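Here is a friendly walk through a two-part picture: backbone details come before the overall dimensions. Have the viewer open as you read.

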Amino acid sequence: MSSNIAQFRLIFAVALRNLWLDRLRTIIIGGLIGTGAFLAVIGLSLLLDVQASMRASITQSIAGDLQIYSAGAKDKLALFGGSGFMGRADIGSLPDFAPYRDAVLGHPNVAAFVPMGLDMAVLSRGNELDDAIDALRVALKAGDESIITGRVDQIKFQLDQVKLELAARRLLSSDQVEIDQQERDLARALAPEFFSQGKAIDEEHLQFLETKIAPLSGEKLPTYLQYIGTDIAAYRANFPKFKVIEGAALEPGQRGIMLSRKVREELLKNGVAKLFDKLHKRLVKRGGTISGDEENQRFATDLSKQYQQILSYLDRPNAEELSAKLTARGIKDDSPDLVQRLSHQVSAFLTVDDKNFSERYHWFYEHIAPKIKLYEVLPGQTITVRNYTRSGYIKTLPLKVHGIYNFDGLEDSDLAGVLNIMDLVSFRELYGQMTDASRKELEAMRAQVGMRDVKSEDAEAALFGDGGLASAAPSEAASETVGDVSSSNQALIVKPTLADFFDPAEVQNGLALNAAVRLKDPSQQNRTEAELRDKLDQGGYKVNIVDWQQASGIVGQFVNIVGGTLVFALSVIFLVAFVIINNSIIVGTLNRTREIGTMRAIGAQRSFIVTLFLAETGITGMLGAFSGAVAATAIILMAGRKGIPAANDVVTFIFSGPRLYPVIHWQVVTSVPLLITLFATLASIYAARHAAKVQPADATQEKE
Amino acid sequence: MKFRYCLIGLALWNLSTPIALAISDQEVRDLVKLVDTRQRNVGDYASVVFIDQKTKDGATKAFEARVYRRDADEKLMILFTKPKAEAGKGYLRLEKNLFLYEPALGKWERQTERASIAGTNSRRDDFDQSRLAEEYDATFVADESLGRFKVHHLKLNAKPGMDVASPIVELWIDQEEKNVMKRQEFALSGKLLRTSYYPSWQKMFSKSKAAEVYMPKEIRVFDEVDKGNSTSVALREVKLEPLDANMFTKAWLESQSR
């Protein structure tokens, strides 16, 4: 025993002596190992931090720890996109989620089960002129002369703009006949007598404006709204990142929708304001410049062309006021025509550069934004969303926008912000689910009409065969038939009223497409997932269970991709390092043949030589790896104080906020150097065995 | 008894007659023109339509609507009356504009798409006039039997430059009554797209046309691409009398759901 210790001491001392004597080689090998350890500790620590922050982003906003959906799904569940046609994944449905919920909640590690559904609807709108004519129609119904005058003035002002647009279009259009007709229509609307009736503007005039003039002002592209429908009470209780920033929260039992702040900013905000915001973020918050940055230049160029987005919301008094203000701040134009003058002035105002941007940004929000429609939708308003149900039918539903929400810490994240949230009952209607009542009503309608069900396969026999439904000669009918369908004297239908509330019990069972599962102890996720899978399988419930990473689609795979890339990069670094270590030991062996031969001649066993060489690598590895780990720890500590800023919106989501604050993971700091030392030592076995093959006689031969 | 002899005689005549009894090209053209002429109406039109749709996956949708058409200036209005959830919604087509009315909000929305009405398989041309003779060149295929009916089977190819929904159409026309009983629409490749049956017709005297107008009472449409999807249409309470002058307006449609 004591001889072993003595031998160990001897080997250790000789190894230290050899390392000191060949300091350059020691430093190179130690440096390589240290660099590898440094990168491994930093990389793995950040990977764990990103994984934790992404987990927080995803699990606390939408996904939960696990997601459950039908085994009959055609597409994979991808909460943040990346699956299905046009972003509409077909994940099947859970016709009644209650038994699934009961089974899942029976597991001791499950904290909550939140039913959901993910879908997309269209929000289509007319242009600004449509809005103005619609407002005039409402004013005419109310009969308030002053409001009517204001609306008429606004329309007239917009018609002046349409005239300019049409003149520009004539230069580009190949269909001059159509332009001629459009100009004639516009001339009629611009004629002084067109609006001379005041309160008595009739339906024909309104219809003329709506059908002939409004289309001249262009079409707005429809807005696609992605949404989840959920049991709002369960959702709010289990997803702490959900935060209402404007308006009110959707309460349990209430119908409606909460719009994401990001959706409203990106899709429903005035185009000029949106471009100002975008540039402000890139120039002021991120310290960029317009000059020298192609993307910023493109945004600035776009901004200068968007004057119409301001003018189309103004009436004449506001336009005159704005023109005067712009003149006062030095943006002048001599055109006598107000529309032309203001177009030039606003266009000049919107021409921004690095020097004037900040000042114009603030001036826009102070003086122009209050005069225009900054957002197309405000909390409290009702919007009509239109959805193609799963059967392909169109379903429209008016939904009150209760408020605007954010996911805490993910304010600027594109990915977390694309989803709007609505109640599960409205979701089911847009999805096309039929209730028992609607099914009964439909059957009653069919019975009343008396049409027999005919299948495609035997349609000809059923319709034209013996006893078929077809009749040879056409029946004669008088034009005056049952009921006078053209009568306009009486209203035919009772106006349908959409209830603002529903019984909260309706969302305790029934249709859901998927469900989020929150766990009490997320560290037991894999085990819980496997146990739930077994339990549901045994209960005859055919479902897919996926973790939050899989459920979030491409986004969730980011950590795996980054982790894989990091491991690959480290593998390459270490492979190169180990080749260098091996080569240097082999070269060192050749240089030390005499020394090894002498040691062998005085009685050193081969095992002694092997151990000596392994000890040399082990000591070098240990010193290098721990030095690297210490340096990495220092860097992480520093970064942890200041935080690493998110470079863009995607990284903001990954960081779960605008900055990532790395923490020291002691298991990484300690295990990485030990593992690297072990691998480096094992990797030098071949070289050590090569050295041990040196014979005592080789020492003499070399001398000769 | 006499009817039975007639049937036997008809059967014997059938056996002794070649299957394809060609009719001349001119007769084919005249027949197609007759189909158009009979269905064409020059005045106003109103009816109650019931549309029942079923899809292969079991989903179903049905609604009842009142359809008003003024052919003189291509105006069309559809006012939904059933089910309750759809009641009061309406489409108003004025020239190239299609407006959708949402009664729960009292709001109108101008839409650009014109291909589909109310998200059904119904297309604009389903509500438009029959223009087969103008749009297609017709050829005779064969004289055939469709169940207990003797029919002329014709093939219609769209004339060059015609903007039609289906480039190839085949018709089975009742030899006796000259009504279309079956219609198949094909893609240019020859792929069958949809089959429609017209089991019963009605005719009505139109003052504006000063002649009778023929209209299907019932239409059965089967989607041949998505097999299993079908649409049944029933037309009731047809009226060809002039409609109120102010009917094709937003105000009128709004007034119907107060």
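In this predicted model, B:Glu237 is partly exposed, with a relative accessible area of 26%. That places B:Glu237 between the cut-offs of 20% for buried and 50% for exposed. The residue sits in strand 13 of chain B, and its phi is near 50°, a positive value in a residue other than glycine. As background, most residues other than glycine have a negative phi.

**Backbone details in chain B**

A second non-glycine residue to look at is B:Ala210, whose phi is positive at about 60°. Where does B:Ala210 lie? It is found in the loop between strand 11 and strand 12 of chain B. Is B:Ala210 buried or exposed? B:Ala210 counts as exposed because its relative accessibility is 57%, and the cut-off for that class is over 50%.

The peptide bonds deserve a look too. Most peptide bonds are trans. The bond that joins B:Lys82 and B:Pro83, however, is cis, with omega at about -5°. B:Pro83 belongs to the loop that links strand 3 (75-82) and strand 4 (90-94) of chain B.

**Strands 11, 12 and 13 of chain B**

The loop with B:Ala210 is the turn of a hairpin: four residues separate strand 11 of chain B from strand 12 of chain B. Strand 11 covers residues 192-206 and strand 12 covers residues 211-223, and the two pair in the antiparallel sense over 11 bridges. To find the register in your viewer, start from B:Ser196, whose bridge partner in strand 12 of chain B is B:Val221.

Strand 12 of chain B also pairs with strand 13 of chain B, residues 230-239. How many bridges join strand 12 to strand 13 of chain B? There are five, and the strands run antiparallel. Here B:Glu218 has B:Ala234 in strand 13 of chain B as its bridge partner. This pair is a hairpin as well, with six residues between the strands, and B:Gly228 takes a positive phi near 105° in it. Strand 13 is also the strand that holds B:Glu237. When you follow the side chains, keep in mind that in a regular strand they alternate between the two faces of the sheet.

**The two chains as wholes**

Now zoom out to the chain totals, set side by side below.

| Property | Chain A | Chain B |
|---|---|---|
| Secondary structure | 27 helices, 13 strands | five helices, 13 strands |
| Buried residues | 49% of 704 residues | 57% of 258 residues |
| Contacts between residues at least 24 apart, among those at least 6 apart | 76% | 46% |
| Accessible surface | about 32,900 Å² | about 11,400 Å² |
| Carbon and sulfur part of that surface | 58% | 54% |

How does the radius of gyration of chain A compare with that of a compact globule? Chain A has 37 Å, whereas a compact globule of 704 residues would have a value near 27 Å. Along the principal axes, the C-alpha atoms of chain A fill a box of roughly 125 × 80 × 45 Å.

The charges of chain A complete the tour. Chain A carries 74 positive and 81 negative side chains, and a distance of 10 Å lies between the centres of the two sets.

Conventions: Residues are numbered from 1 along each chain as its sequence is written. Chains are lettered from A and ligands numbered from 1 in the order in which they are written. This is a predicted model: local features need pLDDT of at least 70, side-chain atom pairs count only at pLDDT 80 or more; totals for chains, interfaces and linings use all residues. Side-chain values use heavy atoms; hydrogens and water are left out. The radius of gyration is taken over C-alpha atoms; the globule rule is 2.2 Å times the number of residues to the power 0.38. Buried means under 20% relative accessible area, exposed over 50%, partly exposed in between (1.4 Å probe, protein chains only). Contact means heavy atoms within 4.5 Å. Accessible areas come from the Shrake-Rupley method with a 1.4 Å probe; for residues, only the protein chains shown count as cover. Lys and Arg count as positive and Asp and Glu as negative; His and the chain ends are not counted. The place of a charge is taken as NZ of Lys, CZ of Arg, CG of Asp or CD of Glu. Two strands pair if DSSP finds at least two bridges between them.
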